[in-house]
Amino acid sequence: MLFAELVETSRTVAGNPARTAKRALLAHLLRAADSDEIEIEIAVAYLAGELRQRRTGIGWRSLGDPPAPAGLPSLTLLEVDTALAEIAATSGSGSQQARRTALETLLGRATAAEQDLLRRLLVGEVRQGALDALVLEALADALAVPAAVVRRAAMLLGSSAAAARVATTHGVDGLLAATLQVGRPVRPMLAASAPDVDAALDRLASGGGPVLVDAKLDGIRIQAHKSGSDVLVVTRTLDDITDRLPEVVEQVRALPADRLVVDGEAVALRPDGRPQPFQVTAARTASRGDVATLRTTTPLSTYLFDLLHLDGRDLLPEPLTTRADLLAALAPPDLLVPRLRTADRSTAAGFFADAIRQGHEGVVLKAPDAPYEAGRRGAAWVKVKPRHTLDLVVLAAEWGHGRRTGRLSNLHLGARRDDVTAPTGPDDFVMLGKTFKGLTDQLLGWQTEQLLAREVGRSGYVVWVRPELVVEIAVDGVQRSTRYPGGVALRFARVLRYRDDKGPGGVDTLDTVRALLT
């Protein structure tokens with residue numbers, strides 16, 4: 001199959017608002033690939049916005065100046081996957097230049113549309129309204145397999161691509177045979193969001209009965225598998241980080257069970273017991289440096305909150321209360337996430353306030369009778385975090401993709417310099433990050449018109465504008481960053497509204513933003 005066929009399907013799907021139409025388009029493409037197990041696996045991964053290689057060593061800086069695109073499509077799916085596999089496998093002296101050369105060769109064979117999708121796949125920015133859940137439904141349609149069976153297999157096999165491979169080679173029987181296996185990571189269960197504790201309790205619909213309330217720690221999600229003395233630790237995206245977390249390995253190995261799978265967080269703590277800023281934990285878990293030195297300078301603490309398997313017993317279908325009780329009997333108290341069981345709203349709200357005072361992100365409220373729905377962001381877990389808002393100026397915007405093609409979408413956001421009271425130009429602001437979240441179709445149209453009226457220049461797909469429009473942004477917080485000149489970056493920014501009642505002199509200062517650092 002030509003890569004261009006997948007690119008065209010992705011483009012068409014992105015421009016179609018109807019879920020049933022998206023599903024039909026995806027299924028049509030997958031039927032064309034279902035005779036080759038590797039080809040359909042690649043197609044499913046790309047349509048879900050993923051690479052089979054997970055990590056390639058290619059960052060956004062390497063994609064800033066692509067070669068001239070090819071005039072006609074010639075790349076096949078297999079050729080693209082092979083090229084990316086070779087790039088990912090490149091290591092050692094001179095590897096950075098070798099990867100860049102290989103990337104230029106690949107992009108040089110790609111048309112402009114193919115280059116665009118490749119770039120977005122490499123940096124994880126595929127936005128077509130047809131990611132994993134819908135791709136799984138389309139796969140079920142293409143192979144005439146029940147969607148529930150495909151979803152379950154993808155959960156237990158760790159990816160939609162793996163489920164596609166099994167479905168192609170072994171059919172429904174192969175998918176039904178998929179089970180939780182110690183040593184093979186499964187997709188983690190995810191939480192929906194609510195603005196406050198009361199809203200979260202309403203969403204759980206527990207009938208006024210007790211719920212479990214966990215402190216939401218600002219660390220790295222981990223899933224640990226133990227088989228005898230062997231321990232595997234993976235991230236939320238199922239990347240193996242076992243060798244980087246020896247203290248986590250030791251704590252899991254010491255648990256009194258021969259075979260188990262646990263879900264939790266790894267967090268770097270300050271000497272006073274408060275969590276370090278998220279990027280401290282992230283840098284420690286990402287580092288491939290001297291582990292013995294790192295565990296001394298930045299030790300990690302492990303907090304467990306779920307138990308998926310225990311000595312031959314698959315606990316995924318068991319209610320949370322059963323899993324929680326078994327985990328509490330298995331692990332020492334200092335290895336468990338702070339947890340409350342309550343039916344009282346004020347008690348739950350107080351637990352949330354205490355978690356924030358202790359430096360945690362917030363809480364996750366959980367239905368006591370819910371099974372572990374791996375890979376799902378369902379209604380059984382609901383997270384609540386405090387919301388910070390900032391008034392920032394728009395410095396530039398990027399042209400959108402898919403349904404947003406032809407409209408300015410991704411906003412470049414800036415705070416006012418601390419020593420400037422009456423800003424007059426872009427040099428009076430400091431960029432903090434970007435966001436395309438929270439923008440409705442109506443708002444996209446309005447902001448495109450307004451920003452183009454203020455255009456001062458272009459650079460590739462970026463339109464630079466006079467810093468006049470003020471936008472209210474909600475953020476989960478900020479973190480230290482070397483990428484932006486102010487040394488800080490926004491975390492999970494989303495647009496709330498434009499502030500036509502404010503001018504650029506009324507935006508928040510860099511000092512105000514830095515005050516959100518913890």
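Start with helix H6: what covers its buried residues? Among the cover are H1, H3, H4 and H5. This is a predicted model, so keep that in mind as you look around. The buried residues in H6 are Glu114, Gln115, Leu117, Leu118, Arg119, Arg120, Leu121 and Leu122. Notice that the list includes Glu114, Arg119 and Arg120 as well as leucines such as Leu117. H6 has twelve residues and reaches 17 Å from its first C-alpha to its last, close to the 16 Å expected at 1.5 Å a residue. Right after H6 comes Gly124, with a positive phi near 70°.

**Over to H4**

Now look at helix H4, which runs through residues 77–89. Its 13 residues reach 18 Å between the first and last C-alpha, close to the 18 Å expected at 1.5 Å a residue. Which residues of H4 are buried? They are Leu77, Val80, Asp81, Ala83, Leu84 and Ile87. If you look down the axis of H4, these buried residues fall within an arc of 160°, so they line one face of the helix. There's a handy rule behind patterns like this: an α-helix has 3.6 residues a turn, so residues three or four places apart point the same way. On the other side of H4, Glu86 and Ala89 are exposed.

And what sits over the buried residues of H4? The cover includes helix H1 (3–14), helix H3 (37–47), helix H5 (95–108) and helix H6 (112–123). So H4 is part of the cover for H6, and H6 is part of the cover for H4.

**The cores**

Zoom out a little. The largest nonpolar core holds 96 residues, and the members that touch the most others are Phe3, Leu6, Leu30, Tyr46, Leu175 and Leu365. Helix H7 (residues 132–143) gives this core its largest share, eight residues. There is also a second, separate core of 28 residues, including Leu392, Ala415, Leu490 and Tyr498. As a general idea, nonpolar side chains in soluble globular proteins tend to be buried together.

Leu6 is a good one to click on. Leaving out residues up to four places away in sequence, Leu6 touches Leu29, Ala43, Tyr46, Leu47, Leu77 and Leu117. You've already met two of these: Leu77 is on the buried list of H4, and Leu117 is on the buried list of H6.

**Four residues to find on the surface**

How accessible are a few residues elsewhere in the chain? Here are four of them.

| Residue | Relative accessible area | Class |
|---|---|---|
| Gly108 | 31% | partly exposed |
| Asp314 | 36% | partly exposed |
| Ala144 | 69% | exposed |
| Phe492 | 53% | exposed |

Gly108 belongs to helix H5. Setting aside residues up to four places away in sequence, Gly108 touches Pro67, Ala68 and Ala70. Glu79 is 29 residues from Gly108 along the chain, and their C-alpha atoms are separated by 13 Å.

Asp314 is in strand E7 (residues 313–314). Apart from neighbours within four places in sequence, Asp314 is in contact with Leu180, Leu308 and His309. Here's a neat pairing: Asp314 and Gln181 are 133 residues apart in sequence, but 9.0 Å apart in space, C-alpha to C-alpha.

The other two residues are in loops. Ala144 is in the loop between H7 and helix H8 (147–157). Its phi is near 55°, a positive value in a residue other than glycine. Phe492 sits in the loop between strand E18 (488–491) and strand E19 (494–498). Phe492 has a positive phi too, near 55°, and it's another residue other than glycine.

**The whole chain**

Finally, step right back. The protein chain has 17 helices and 19 strands. Along its principal axes, the C-alpha trace spans about 65 × 60 × 55 Å. A compact globule of 518 residues would have a radius of gyration near 24 Å, and the chain has 24 Å, which agrees.

How much of the chain is buried? Buried residues make up 51% of the 518. The chain exposes about 22,700 Å², with carbon and sulfur atoms supplying 51% of that area. As for contacts with a separation of 6 or more, 71% are between residues 24 or more positions apart.

Technical notes: Residues are numbered from 1 along each chain as its sequence is written. This is a predicted model: local features need pLDDT of at least 70, side-chain atom pairs count only at pLDDT 80 or more; totals for chains, interfaces and linings use all residues. Side-chain values use heavy atoms; hydrogens and water are left out. A nonpolar core is a set of buried Ala, Val, Leu, Ile, Met, Phe, Trp, Tyr and Cys residues joined through side-chain atoms within 4.5 Å. Buried means under 20% relative accessible area, exposed over 50%, partly exposed in between (1.4 Å probe, protein chains only). Helices (H or I, at least four residues) and strands (E, at least two) are DSSP runs, numbered from the N terminus. Contact means heavy atoms within 4.5 Å. The expected span of a helix is 1.5 Å times one less than its number of residues. The arc is that of the directions from the helix axis to the C-beta atoms. The radius of gyration is taken over C-alpha atoms; the globule rule is 2.2 Å times the number of residues to the power 0.38. Accessible areas come from the Shrake-Rupley method with a 1.4 Å probe; for residues, only the protein chains shown count as cover.
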